[in-house]
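Okay, thanks for having me, everyone. Let's take a short walk through a structure that will be new to most of you. Have a look at it first, and then I'll talk.

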Amino acid sequence: MLWNLDPGWLMMAVAFVAVMSFFFGAALDAIMKEDGFGPTGNMMLFTTGFFGAVLVANSYGISLRELSLATAWGLGGAFIFISVLALLKAALGWLLQP
């Protein structure tokens, strides 16, 4: 799905997802404080998780022609990605504490 987009539409999709991810990242930073990755780090993780989930769904043959289905896959992937990384950060912090 992503590779079938024109470059202009792909850049607009990345820009839109990045802006929305910054809002989510800022809200999550206010909630998680030092346990998170900062607003910009959260934004980058959300954007990576969003497009990663869409690419994984496409690689398994799941058609994401409907925008609502693609959005659901992307948001699910973004939240799963940032949750797993926050869990790994907490586990490393617990293991490496003095």
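**Rings, core and pocket**

So, a search through the whole structure turns up 4 aromatic pairs. Keep in mind that this is a predicted model. How do we talk about such pairs? A pair of aromatic rings is described by how far apart the centres are and by the angle between the planes.

Let's start with F24 and F46. Their ring centres are 5.9 Å apart and the planes sit at 40°, so this pair counts as tilted. Where do the two residues come from? F24 is in helix α1, residues 7-32, while F46 is in helix α2, residues 38-59, so the pair ties together parts that are 22 residues apart in sequence.

Now, are these two buried or exposed? F24 is partly exposed, with a relative accessible area of 37%. F46 is buried, at a relative accessible area of 3%; the cut-off for buried is under 20%.

F24 has another partner, F79. Here the ring centres are 5.8 Å apart and the planes are at 75°, so this pair is edge-to-face; that label needs an angle over 60 degrees. This pair also links distant parts of the chain, with F24 in helix α1 and F79 in helix α3, residues 67-95, and their positions 55 residues apart. F79 has a relative accessibility of 37%, so it counts as partly exposed. Put the three together, and F24, F46 and F79 form one aromatic cluster.

One more ring before we move on. Which residue lies over the face of F37? That's K89, at 5.0 Å from the ring centre.

Okay, let's step back to the overall layout. The protein chain has 3 helices and 0 strands, and reading along the sequence you get α-α-α. The C-alpha atoms fill a box of roughly 50 × 25 × 20 Å along the principal axes. There are 98 residues in the protein chain, and 28% of them count as buried. As for contacts with a separation of 6 or more, 58% are between residues 24 or more positions apart.

Next, the inside. The largest nonpolar core has 13 residues, and those with the most contacts inside it are F46, F50, F51, V54, L64 and I82. You'll recognise F46 from the aromatic cluster. Each of α1, α2 and α3 supplies at least two residues of this core. Which helix gives the largest share? It's α2, with 6 residues.

Take F51 from that list. Leaving out residues up to four places away in sequence, F51 touches L2, A13, V14 and V17.

V17 brings us to my last stop, the pockets. Rolling a probe the size of a water molecule over the atoms shows where empty space is left. The largest pocket has a volume of about 410 Å³. How many residues line it? There are 18, and those nearest its centre are F16, V17, F50, L67 and T71. F50 is a residue we just met in the core. The elements giving two or more residues to the lining are α1, α2 and α3, and the one that gives the most is α1, with 6 residues.

That's my tour, thanks for listening.

Note on methods
Residues are numbered from 1 along each chain as its sequence is written. This is a predicted model: local features need pLDDT of at least 70, side-chain atom pairs count only at pLDDT 80 or more; totals for chains, interfaces and linings use all residues. Side-chain values use heavy atoms; hydrogens and water are left out. Rings of Phe, Tyr and Trp (its six-membered ring) pair if their centres lie within 6.5 Å; planes under 30 degrees apart count as stacked, over 60 as edge-to-face and the rest as tilted. Helices (H or I, at least four residues) and strands (E, at least two) are DSSP runs, numbered from the N terminus. Buried means under 20% relative accessible area, exposed over 50%, partly exposed in between (1.4 Å probe, protein chains only). A charge sits over a ring if NZ of Lys or CZ of Arg is within 6 Å of the ring centre and within 35 degrees of the ring normal. A nonpolar core is a set of buried Ala, Val, Leu, Ile, Met, Phe, Trp, Tyr and Cys residues joined through side-chain atoms within 4.5 Å. Contact means heavy atoms within 4.5 Å. On a 1 Å grid over the protein atoms alone, a cavity is a set of points where a 1.4 Å probe fits but cannot get out, and a pocket is an open set with protein on both sides within 12 Å along at least five of seven lines; lining residues have an atom within 4 Å of a point. Grid points are joined across faces, edges and corners, and a volume is the space filled by probe spheres set on the points.
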